[in-house]
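Reader: Please take one part of this model and describe it closely. I would like the internal cavity and the loops around that stretch of chain, with the cut-offs stated.

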Amino acid sequence: MNQKRKKKKDWNWWFVVQRYLTFFLLIAFTITCCMVLFLNMMTRATGLELTHEHLERAAKVTILNVLLLSLLCTIIDGIRRRIMVERPVRRIIRAADRIMQGDFSARISLNHILDRMSGFHEIADYFNRMAEELSGTETLRTDFIANVSHELKTPLAVIQNYGTLLQQPELPEEQRIEYAKAVTDASRRLANLITNILKLNKLENQQIYPSEKTYDLGEQLCECLLSFEGAWEEKQLEIDTDIEEGVLVHTDAELLALVWNNLFSNAVKFTGPHGKISLSLESEGEAAVVKVTDTGCGIPAETGKHIFEKFYQGDTSHATQGNGLGLALVKRVIDIVGGDIFVSSEVGKGSTFTVRLRRERNETP
């Protein structure tokens with residue numbers, strides 16, 4: 001550390017000498033030229049010849065002026081650099097050091113008029129924005145780890161508890177089947193959670209590249225909806241469809257299937273027995289608009305603002321039915337394929353998810 005400080009100090013002195021020599025050369029050249037021109041004009045104007053003594057005296061005065069002006073310019077430039085360069089640079093270094101140590105609340109304050117004149121306020125603005133982004137990312141990362149840990153513990157605890165109960169030798173057959181089913185359900189939930197985490201991680205790190213093709217969107221919607229037939233029949237739900245024919249899209253069918261499967265899954269989960277789920281598809285200009293409506297529990301306004309965030313579950317009474325990753329996957333896929341998704345909801349009456357995608361013109365006559 002002492003060696004670094006010594007080197008820095010030596011470098012500062014050498015920098016001061018360099019600046020002094022620079023000013024000395026510039027001022028010497030300027031004053032010498034001016035003096036030569038001045039003496040030449042005086043000689044021509046008066047008709048007198050300058051003696052050696054006059055020239056020697058003029059040279060001494062010129063050198064003295066050059067030395068003093070160079071020193072003055074070096075001092076003024078040093079003060080300017082200390083105020084307008086070194087001070088804001090030190091603030092930036094201190095803030096960067098705090099960021100490196102994990103303190104993402106560090107910000108640079110450059111409010112002085114001289115700081116703004118130096119141009120460092122633009123660097124400070126960008127640094128503060130970067131620190132704010134890092135702070136948000138760190139918060140999300142911390143929340144993500146905490147939520148993942150919580151979500152993993154729940155099914156693991158269920159598997160552990162029911163696995164222990166299954167080891168009882170006198171356990172009746174009915175209870176054994178019930179406990180085994182609970183273990184299976186918890187294992188399935190754990191597998192789905194890990195699968196969704198891996199998918200979302202690949203999507204966010206752009207490790208999945210869309211494989212685009214043109215296909216009939218209505219056919220895909222029907223296929224995805226029919227895959228939940230057993231679930232909606234079990235709850236005796238009414239299914240209402242209004243699908244326009246011949247609506248084509250050019251996008252990744254496999255990625256988009258994740259969207260429909262998640263939306264249909266949520267609609268079935270959060271709609272009570274004898275409820276209703278509606279699916280519609282229509283073309284609006286250059287867009288294909290898909291709406292999935294349910295008569296479930298609805299989404300509060302505050303929850304609606306965060307509904308597409310990872311692990312966010314505003315209604316804890318339904319937390320056991322999902323892990324809060326489905327809609328985050330949906331939003332990321334929609335962003336990748338260049339679409340938009342909106343949600344409108346009323347507590348106690350249901351929700352409507354609207355997806356807008358760019359559609360392809362059907363050239364068939």
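Author: The cavity comes first, then two loop residues.

This is a predicted model, in which local features need pLDDT of at least 70, side-chain atom pairs count only at pLDDT 80 or more, and totals for chains, interfaces and linings use all residues. Residues are numbered from 1 along each chain as its sequence is written, and side-chain values use heavy atoms, with hydrogens and water left out.

A cavity here is a set of points, on a 1 Å grid over the protein atoms alone, where a 1.4 Å probe fits but cannot get out. The count is 1 cavity of 30 Å³ or more. The largest cavity has a volume of about 30 Å³, volume being the space filled by probe spheres set on the points, which are joined across faces, edges and corners. Its lining (residues with an atom within 4 Å of a point) consists of Leu 225, Phe 228, Trp 232, Ile 239, Phe 264, Val 268 and Ile 277. That lining divides into 7 nonpolar, no polar and no charged residues; Ala, Val, Leu, Ile, Met, Phe, Trp, Tyr, Cys and Pro count as nonpolar, Asp, Glu, Lys and Arg as charged, and the others, Gly among them, as polar.

Gln 236 sits in the loop between α7 (229–234) and β2 (238–243); helices (H or I, at least four residues) and strands (E, at least two) are DSSP runs numbered from the N terminus. Most residues other than glycine have a negative phi. Gln 236, not a glycine, has a positive phi of about 55°. His 274, in the loop between α8 (253–269) and β4 (276–284), has a positive phi of about 65° and is not a glycine either. Gln 236 counts as exposed because its relative accessibility is 52%, and His 274 is exposed at 59%; exposed means over 50% relative accessible area (1.4 Å probe, protein chains only), buried under 20%, and partly exposed in between.

Key:
1 Å grid on protein atoms, 1.4 Å probe; cavity = no way out; pocket = protein on both sides within 12 Å on 5 of 7 lines; lining within 4 Å.
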